[in-house]
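Work through the exercises below with the sequence and the model open beside you. Try each task before you read its solution.

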Amino acid sequence: MRGILEMVEGFISKDQVLVLLYPSVAEYEKYVESIDRRVVVVGRENVWGAESFVELPLEFEDVKEKIRFSLEGAIRNGMISDGDEVVCISKLFSNELDSFMRIRVEESQLNSGIYALFLSSKSDAGVIRDVLELVIELGKKGQNGEPVGALFTVGDAGKVMNKSCPLSYNPFEKSHVHVGDSIVNVMLKEFSRLDGAFVISDEGKIVAAYRYLEASSEGINIPKGLGTRHMAGAAITKGTSAVSIVLSESDGLIRCFKSGELVLEVDPEAY
Amino acid sequence: MEIGEQVLALLSEEIVLISFLLIMGAVVAQVIARGSKKILEKIGIPKAVEGTSLERAMGKMGTSTVVMISKISMWLIIGGTILVALTLLDVNYSQQVVDVTADIFPSVFTSLIIFLAGIVLGDKAEIVVSRSLRGIKLPEVGIIPKIAKYSVIYISVLIVLGQLDVATNALVVLLGVYALSIVAFSSVAFSDMLKSTAAGLYLVLTQPYVIGDEIRVGNVKGIVQEITMLVTRVESENEECMIPNDRVFREGVARKINRE
């Protein structure tokens with residue numbers, strides 16, 4: 001049986017760019033050695049020492065989403081441009097690169113905002129990723145099977161704290177917990193049934209829960225039909241450099257806001 | 001005739017015994033090799049050595065570190081059985097040779113394993129350090145992972161030589177001087193950081209101010225954004241300040257009280 005590598009070798013034409021999605025180190029070296037094209041690698045962190053590397057902090061299970069966000073990142077980093085043809089090699093069924101497809105890059109279809117969210121935010125990309133992962137898990141499983149809603153603000157915690165007031169006793173007072181610790185994830189899930197927002201600092205410290213966000217909603221334009229939780233989430237990002245990540249209780253989607261605008265909408269099930 | 005038969009009988013008895021021994025040795029060696037491979041895989045060695053140069057070299061030769069280690073242990077056991085077989089045969093080997101070999105064998109084996117482990121650990125140290133320095137785009141920074149790698153390999157070589165009873169005193173002294181110089185340099189270079197960390201520990205434990213409070217340290221005034229072990233980040237109307245924690249300690253801190 002011919003391997004994927006040989007098939008790609010015969011398939012790829014001179015001016016196409018090879019995009020490897022989450023390859024292992026050995027696979028990356030194999031492809032770079034035998035295919036003399038521009039190679040863009042997509043992954044969590046650059047373990048390959050690759051020159052053209054796109055950081056995609058969330059590994060989507062849905063291949064379409066994965067490719068979409070990867071190409072978007074590559075465009076943002078100037079590795080490919082509108083109209084280029086790329087050959088994407090990805091995992092689909094097994095745990096190794098087992099499928100490839102040729103795609104024409106169309107910039108107009110690639111502006112979901114995930115890169116604006118991760119790269120041009122003041123807070124650590126890893127912190128935003130951790131929160132997003134947590135919200136995705138929350139959206140998938142809900143609280144005891146029931147769908148839950150949640151609101152997290154990440155970054156600029158000092159200002160967010162001054163623009164909000166406590167609804168109840170803050171369970172995270174005098175604690176030193178950070179998002180991403182596994183025990184914290186359980187705690188947050190338990191607390192998420194309660195009203196109000198979670199405030200998380202630039203470096204991932206959970207500052208407070210049960211915060212009522214008091215930002216003015218003047219001049220905020222969010223899609224019609226979203227509720228007060230989304231409005232509060234969007235409004236708090238208007239006057240601060242924070243981003244807010246909102247899990248909708250009614251439709252189960254996750255929406256991220258920045259500078260008062262909706263920048264990303266993901267379905268937890270696609271992840 | 002009779003003598004010939006006796007010799008044959010004796011010989012064949014011995015041959016049966018020896019061949020039985022050799023077969024047993026080979027079987028045990030196989031079993032141990034398989035078992036050790038499984039154990040090594042279970043404790044996650046393949047994942048730990050991934051990306052190291054040893055594993056890459058092994059990969060080029062079509063094997064892997066785990067297979068190599070289990071092969072080494074297999075050959076050790078086979079070698080041992082052959083040695084025992086030779087003793088039984090009494091061919092020209094004086095007892096002394098056997099004793100010496102039996103003495104050296106295990107230590108050679110352990111030193112081989114330690115050496116391999118040293119190389120792998122050195123590579124791993126290099127990878128870990130260079131990954132943490134990944135963000136720094138400075139060519140000279142490449143030397144730090146290399147230093148980490150060769151320090152680990154040096155120590156493993158020291159242990160190996162100690163195993164083989166080679167005089168290593170001079171090398172140990174060298175290691176001591178090296179370690180001491182690192183301690184001396186870093187205690188001078190990082191003294192401010194040490195002070196800040198000590199102060200930061202106090203601040204984190206007692207929390208005289210929290211994120212969102214408005215504070216003043218010296219002439220810096222603003223809202224606290226972040227408190228880490230080393231610094232307190234404060235933001236005012238149009239400035240973002242990083243105050244080293246030892247400064248908070250030295251100059252004291254004023255916190256605004258809301259009287260509404």
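The three exercises that follow concern a predicted model, and each solution goes step by step.

**Exercise 1.** Describe the secondary structure of chain A and state what share of its residues is buried.

Solution. Begin with the secondary structure of chain A, which comes to eight helices and twelve strands. Then turn to burial: of the 271 residues in chain A, 41% are buried. Finally, consider the contacts in chain A with a separation of 6 or more, of which 58% are between residues 24 or more positions apart.

**Exercise 2.** Which element gives the most to the side of chain A that touches chain B?

Solution. First take the contact as a whole, to which chain A brings 15 residues and chain B brings 14 residues. Next, look for the elements of chain A that give two or more residues to this side, and you will find α2 (25-34) and α6 (157-162). Of the elements on this side, α6(A) gives the most, with five residues. As a last step, sort the residues on the side of chain A by character, which yields six nonpolar, five polar and four charged.

**Exercise 3.** Is S259(A) buried, partly exposed or exposed?

Solution. Locate S259(A) in the loop between β11 (254-258) and β12 (261-266) of chain A, and note that its phi is near 50 degrees, a positive value in a residue other than glycine. Now count its neighbours: 14 other C-beta atoms lie within 10 Å. A residue is buried at 20 or more and exposed at 12 or fewer, so S259(A) is partly exposed.

Terms used:
Residues are numbered from 1 along each chain as its sequence is written. Chains are lettered from A and ligands numbered from 1 in the order in which they are written. This is a predicted model: local features need pLDDT of at least 70, side-chain atom pairs count only at pLDDT 80 or more; totals for chains, interfaces and linings use all residues. Helices (H or I, at least four residues) and strands (E, at least two) are DSSP runs, numbered from the N terminus. Two residues are in contact if their C-beta atoms, placed from the backbone, lie within 7 Å. Ala, Val, Leu, Ile, Met, Phe, Trp, Tyr, Cys and Pro count as nonpolar, Asp, Glu, Lys and Arg as charged, and the others, Gly among them, as polar.
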